[in-house]
Structures are given as C-alpha cells and as structure tokens.
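Student: I should like a close look at a single part of this model, namely the loop with the unusual backbone geometry and its surroundings. Please set it in the context of the whole chain.

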Amino acid sequence: MLRGQSLTYDFGHHMGTLGDGIVQGAAGADEIRTAPLWGLRGRTPFLHDGRASTVLEAIQLHSGEATTIRERFFSLSEDDQQAVLEFLNSI
Ligand code: HEM
C-alpha cells in the first residue's frame, strides 16, 4: 500500500498545456513523467508526442509546474541561453 502511494506521488509533473490529456490510473490529464536529458543529442524530435523539433522549442513548451524554469531560461542573456543549449546538446 505504502509502495503504491509513493509510486502514485512520484508519477509525474503537472505540466499544464504540455500534458497529453490522458487520464491513466492516478495520473491526470496534464501529468507527464520527466524525460531523462541524458542522450538528448542523439534524439529528435522532443517531448512525448514529438511536437518539438529543437531543444529550444521543447523548453519553450514547458508549462504548468515548469513555468518558472521556462521564464528563468528566457530571462538569461543570449550568451547564457546559448551555453545551456550547447550543454544540453552535448549530453
Ligand atoms: C533547466 C531546466 C530544464 C530544462 C533545460 C529542461 C529541458 C527539457 C527538455 C529538452 C525536454 C525534452 C526531452 C525529450 O524529449 O527527450 C524536457 C522534458 C520534460 N521536462 Fe524539462 N527541462 C527543465 C526543467 C524542468 C522542470 C523544472 C520540470 C518539472 C517541474 C520539467 C519537466 C519536464 C517533463 C515532464 C518533460 C517531459 C515532457 C514530455 O515528454 O512531453 N522540466 N525538459
């Protein structure tokens, strides 16, 4: 029982408009599991439904719980945004 509860709790993040609209078990329509960022450079397209063709687009589409992180990314200087993208494209 405890195990089930913790699995439920850890299931996903509320991602607002990035959700898949699917209610499955305890996971609501806007809940999505975090994708591992390792191996990003060998992957395309991005996000669970492939709606982003670049990493930048994937970041732009972060919503819900990840809204703050999206706003922080876009308030970085252009050089710093580029540095984050270069890092993400190197792993
Ligand atoms: C520096 C901060 C972040 C960066 C650069 C980042 C970047 C990314 C990228 C590039 C993807 C696409 C991965 C793929 O398709 O293989 C992704 C997916 C995802 N991220 Fe983030 N992310 C950040 C922070 C967050 C935060 C704070 C949350 C939640 C609280 C979050 C939740 C997710 C989820 C749920 C997915 C999967 C979405 C889907 O498959 O549609 N991310 N992230």
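Tutor: The following account begins with the whole chain, then turns to the loop, the ligand and a neighbouring helix.

The model is predicted. Its protein has four helices and two strands, arranged from the N terminus in the order α-β-β-α-α-α. Of its 91 residues, 7% count as buried. When contacts between residues at least 6 apart in sequence are considered, 42% of them join residues at least 24 apart.

Confidence should be considered before any detail is read. The mean pLDDT of the protein is 87, with 88% of the residues at 70 or more. Among the elements, the highest mean, 97, belongs to helix H4 (residues 78-88), and the lowest, 40, to helix H1 (residues 2-9). The pLDDT stays below 50 over residues 1-10, and this stretch has one contact in the model beyond near neighbours in sequence. Where pLDDT is low, predicted coordinates should not be read in detail.

The loop in question lies between strand S2 (31-32) and helix H2 (55-60), and Pro-45 is found there. The peptide bond that leads from Thr-44 into Pro-45 is cis, its omega being near -5 degrees. Leu-47 is found in the loop between S2 and H2 as well. The phi of Leu-47 is positive, near 75 degrees, although the residue is not glycine. Both features deserve notice because most peptide bonds are trans and most residues other than glycine have a negative phi. As to its environment, Leu-47 has 17 other C-beta atoms within 10 Å and is therefore partly exposed; a buried residue would need 20 or more.

Leu-47 also takes part in the surroundings of the ligand. Around the ligand there are 19 residues, of which Ala-35, Phe-46, Leu-47, His-48 and Ala-66 come nearest. By class, the shell consists of 13 nonpolar, four polar and two charged residues. Helix H2 supplies the largest share of this shell, with three residues.

Helix H2, which follows the loop, also holds Gln-60. Gln-60 has 13 other C-beta atoms within 10 Å, so this residue is partly exposed; the limit for an exposed residue is 12 or fewer. Measuring from C-alpha to C-alpha, Gln-60 lies 8.9 Å from Glu-71, and the two are eleven residues apart in sequence.

In brief, the loop between S2 and H2 holds Pro-45, which follows a cis peptide bond, and Leu-47, whose phi is positive and which is among the residues that come nearest to the ligand.

Technical notes
Residues are numbered from 1 along each chain as its sequence is written. This is a predicted model: local features need pLDDT of at least 70, side-chain atom pairs count only at pLDDT 80 or more; totals for chains, interfaces and linings use all residues. Two residues are in contact if their C-beta atoms, placed from the backbone, lie within 7 Å. A residue is near a molecule or strand if its C-beta atom, placed from the backbone, lies within 6 Å of it. Ala, Val, Leu, Ile, Met, Phe, Trp, Tyr, Cys and Pro count as nonpolar, Asp, Glu, Lys and Arg as charged, and the others, Gly among them, as polar. pLDDT is the predictor's confidence in each residue, from 0 to 100.
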